[in-house]
2 protein chains.
Amino acid sequence: MKAKIVITPKKAVVDPQGKTVRNALEQMGHQGIKAVHVGKYLEIELDSADKESARRQLDEACHRFLSNPVIEDYKLEIE
Amino acid sequence: MKAKIVITPKKAVVDPQGKTVRNALEQMGHQGIKAVHVGKYLEIELDSADKESARRQLDEACHRFLSNPVIEDYKLEIE
């Protein structure tokens, strides 16, 4: 089983990395870019067969350890 | 229009960040985690209406600037 986690800065939080990428793209001639948000991506390979318990476990891990819930949102997908 | 880019280290490349996350999860009591891969996630908001030209532009940007094609793979989705 594979879990995919995307962690992004909350919309209200300043994202200097995203701004830098946006400016760099613009300077390289890419037009029409309104905004860039930079986040983290985690792919976790799991041994477990129980999708629901895996989701519960990873949800807790995301909240407590993998993301900072004050400034970041996360999205967890299990397949 | 929104583009989502996921950049991950190639399978053959050592991923110390992923190993560290794996060990940390294990020490926090999460069992059955085989492997963790850590990558980057970019969300790009575009002004353009032409999906195909946006894809071409961003594909080139991914290859030349946003990822390091020697050690990283990228996946580009436009919606």
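**Exercise 1.** How many salt bridges does the rule find across the interface of chain A and chain B?

*Solution.* The model is a predicted one.
Step 1. The criterion to apply is a side-chain nitrogen of Lys or Arg within 4 Å of a carboxyl oxygen of Asp or Glu.
Step 2. Applied across the interface of chain A and chain B, the rule finds 2 salt bridges.
Step 3. A salt bridge joins the side chains of A:Lys11 and B:Glu43, with an N to O distance of 3.8 Å.

**Exercise 2.** Determine the strand order of the open sheet and identify its edge strands.

*Solution.*
Step 1. The sheet is open, has 6 strands and follows the order β3(A)-β1(A)-β2(A)-β2(B)-β1(B)-β3(B), with antiparallel pairing.
Step 2. Its edges are formed by β3 (72-78) of chain A and β3 (72-78) of chain B, each of which pairs on one side only.
Step 3. From one strand to the next, the twist averages 20 degrees.
Step 4. Within chain A, β1 (residues 2-9) pairs with β3(A) in the antiparallel sense over 7 bridges; here A:Pro9 is placed opposite A:Glu72 of β3(A).

**Exercise 3.** Describe how β2(A) and β2(B) are joined, and which helices pack on these strands.

*Solution.*
Step 1. The strands β2(A) and β2(B) run antiparallel and are joined by 13 bridges.
Step 2. In this pairing, A:Lys40 faces B:Lys40 of β2(B).
Step 3. Helix α1 (residues 16-27) of chain B lies across β2 of chain A together with β2 of chain B, at about 120 degrees to β2(B).
Step 4. Helix α1 (residues 16-27) of chain A also packs on the sheet, touching β2 (33-46) of chain A and β2 (33-46) of chain B; the direction of this helix makes about 120 degrees with that of β2(A).

**Exercise 4.** Characterise the interface by its area, its residues and the elements that supply them.

*Solution.*
Step 1. Contact links 33 residues of chain A with 33 residues of chain B.
Step 2. About 3,000 Å² is buried between the two chains, and carbon and sulfur atoms give 61% of this area.
Step 3. On the chain A side, the residues losing the most area to chain B are A:Tyr41, A:Glu45 and A:Phe65, together 21% of what that side buries.
Step 4. Polar contact between chain A and chain B amounts to 14 residue pairs, both residues being at pLDDT 80 or more.
Step 5. In chain A, the elements giving two or more residues to the side that touches chain B are β1, α1, β2 and α2 (51-66).
Step 6. The largest share of that side, 14 residues, comes from β2(A).
Step 7. By residue class, the side of chain A that touches chain B divides into 16 nonpolar, 8 polar and 9 charged residues.

Notes. Residues are numbered from 1 along each chain as its sequence is written. Chains are lettered from A and ligands numbered from 1 in the order in which they are written. This is a predicted model: local features need pLDDT of at least 70, side-chain atom pairs count only at pLDDT 80 or more; totals for chains, interfaces and linings use all residues. Side-chain values use heavy atoms; hydrogens and water are left out. Two strands pair if DSSP finds at least two bridges between them. Helices (H or I, at least four residues) and strands (E, at least two) are DSSP runs, numbered from the N terminus. Axes are lines fitted to C-alpha atoms, for helices over the stretch in contact, and angles run from 0 to 180 degrees between N-to-C directions. Contact means heavy atoms within 4.5 Å. Buried area is the accessible area (1.4 Å probe) that two parts lose on being put together, summed over both. A polar contact is a pair of N or O atoms within 3.5 Å; within protein, one must be able to donate a hydrogen and the other to accept it, and residues adjacent in sequence count only if both atoms are side-chain atoms. Ala, Val, Leu, Ile, Met, Phe, Trp, Tyr, Cys and Pro count as nonpolar, Asp, Glu, Lys and Arg as charged, and the others, Gly among them, as polar.
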